[in-house]
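Biologist: I'm new to this one and would like a close look at a single part of it. Could you walk me through it slowly, in plain words?

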Amino acid sequence: MTTEQVEDDDSIDYIWDMIEQGNLEEATTLLDKEQSLLDSSCITGKALTLEQQAIQADIYMAKIEVLSLSGKPEQVLELCERVKPLIDNDAVQLSDLGLVYLEYADYQQAESLINRALIMDENEYGKEHSR
């Protein structure tokens with residue numbers, strides 16, 4: 001992978017393919033490389049740019065899935081807390097994260113996130129939209 005690939009959705013898509021195929025070890029290796037590329041592109045002591053935040057959120061969401069499939073609930077919930085501020089304006093990721101909390105029986109967090117995602121979608125598409 002090149003440095004440019006940290007910003008390329010294709011690399012994250014490929015990692016999701018690995019996860020769906022059950023190749024969690026390869027997915028973990030690729031996620032670690034993506035994280036390393038992102039870390040090397042960040043300026044120490046500076047806040048992440050919006051683009052870097054989106055990349056970090058994608059990496060965290062994929063890691064959450066790997067950890068969940070690997071049966072590591074404590075690490076899943078720790079990453080959930082780290083990703084929440086990064087996905088505040090993304091209804092799909094908020095909903096996905098809500099489903100993770102639902103899976104781990106944190107119903108209050110699940111409801112809060114899913115309701116926020118629903119409100120965002122209603123504001124974007126209207127209450128009668130089938131989305």
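Which residues of α2 are buried?

Modeller: Happy to. One thing up front: this is a predicted model, so everything below is computed from it.

Let's start with the helix itself. α2 has 18 residues, and from its first C-alpha to its last it reaches 25 Å, close to the 26 Å expected at 1.5 Å a residue. Its buried residues are Leu 24, Ala 27, Leu 30, Leu 31, Glu 34, Gln 35, Leu 37 and Leu 38. These buried residues cover an arc of only 160° around the axis, so they sit on the same side of α2. That fits a general pattern: an α-helix has 3.6 residues a turn, so residues three or four places apart point the same way. Turn to the other side of α2 and you find Glu 25 and Ser 40, which are exposed.

Now pick out Gln 35, which belongs to helix α2, residues 24–41. Gln 35 counts as buried because its relative accessibility is 11%, and the cut-off for buried is under 20%. What does Gln 35 touch, once residues up to four places away in sequence are set aside? The list is Gln 56, Ile 59, Tyr 60 and Lys 63. With Gln 56 there is also a polar contact, side chain to side chain, of 2.8 Å.

Glu 34, another of the buried residues of α2, has a polar partner too. Its side chain makes a polar contact of 3.4 Å with the side chain of Ser 11. Ser 11 lies in helix α1, residues 9–20, and counts as buried because its relative accessibility is 6%. Asp 10 is found in α1 as well, but Asp 10 is exposed because its relative accessible area is 51%.

Next, follow Gln 56 into α3, which spans 50–69. α3 has 20 residues and reaches 29 Å from first C-alpha to last, close to the 28 Å expected at 1.5 Å a residue. After α3 comes Gly 71, with a positive phi near 75°.

What about the cores? The largest nonpolar core has 18 residues, and the members that touch the most others are Ile 64, Val 76, Cys 80, Val 83, Ile 87, Leu 97 and Tyr 101. The elements giving two or more residues to this core are α3, α4 (73–83), α5 (91–103) and α6 (107–125). Apart from it lies another core, of 13 residues, and this is where our helix comes back in: Leu 38 is among its members, along with Ile 19, Ile 55 and Val 66. In general, nonpolar side chains tend to be buried together in soluble globular proteins.

For a feel of the largest core, try Leu 97. Leaving aside neighbours within four places in sequence, Leu 97 is in contact with Met 61, Ile 64, Cys 80, Val 83, Lys 84, Ile 87 and Leu 113. Cys 80 in that list is buried, because its relative accessible area is 0%. Cys 42, by contrast, counts as partly exposed because its relative accessibility is 21%. As for disulfides, the count comes to 0.

One last stop, away from α2: Ala 105 is in the loop between α5 and α6. Its phi is near 65°, a positive value in a residue other than glycine. Ala 105 is partly exposed, because its relative accessible area is 45%.

Notes:
Residues are numbered from 1 along each chain as its sequence is written. This is a predicted model: local features need pLDDT of at least 70, side-chain atom pairs count only at pLDDT 80 or more; totals for chains, interfaces and linings use all residues. Side-chain values use heavy atoms; hydrogens and water are left out. Helices (H or I, at least four residues) and strands (E, at least two) are DSSP runs, numbered from the N terminus. Buried means under 20% relative accessible area, exposed over 50%, partly exposed in between (1.4 Å probe, protein chains only). A polar contact is a pair of N or O atoms within 3.5 Å; within protein, one must be able to donate a hydrogen and the other to accept it, and residues adjacent in sequence count only if both atoms are side-chain atoms. Contact means heavy atoms within 4.5 Å. The expected span of a helix is 1.5 Å times one less than its number of residues. The arc is that of the directions from the helix axis to the C-beta atoms. A disulfide is a pair of cysteine sulfur atoms within 2.5 Å. A nonpolar core is a set of buried Ala, Val, Leu, Ile, Met, Phe, Trp, Tyr and Cys residues joined through side-chain atoms within 4.5 Å.
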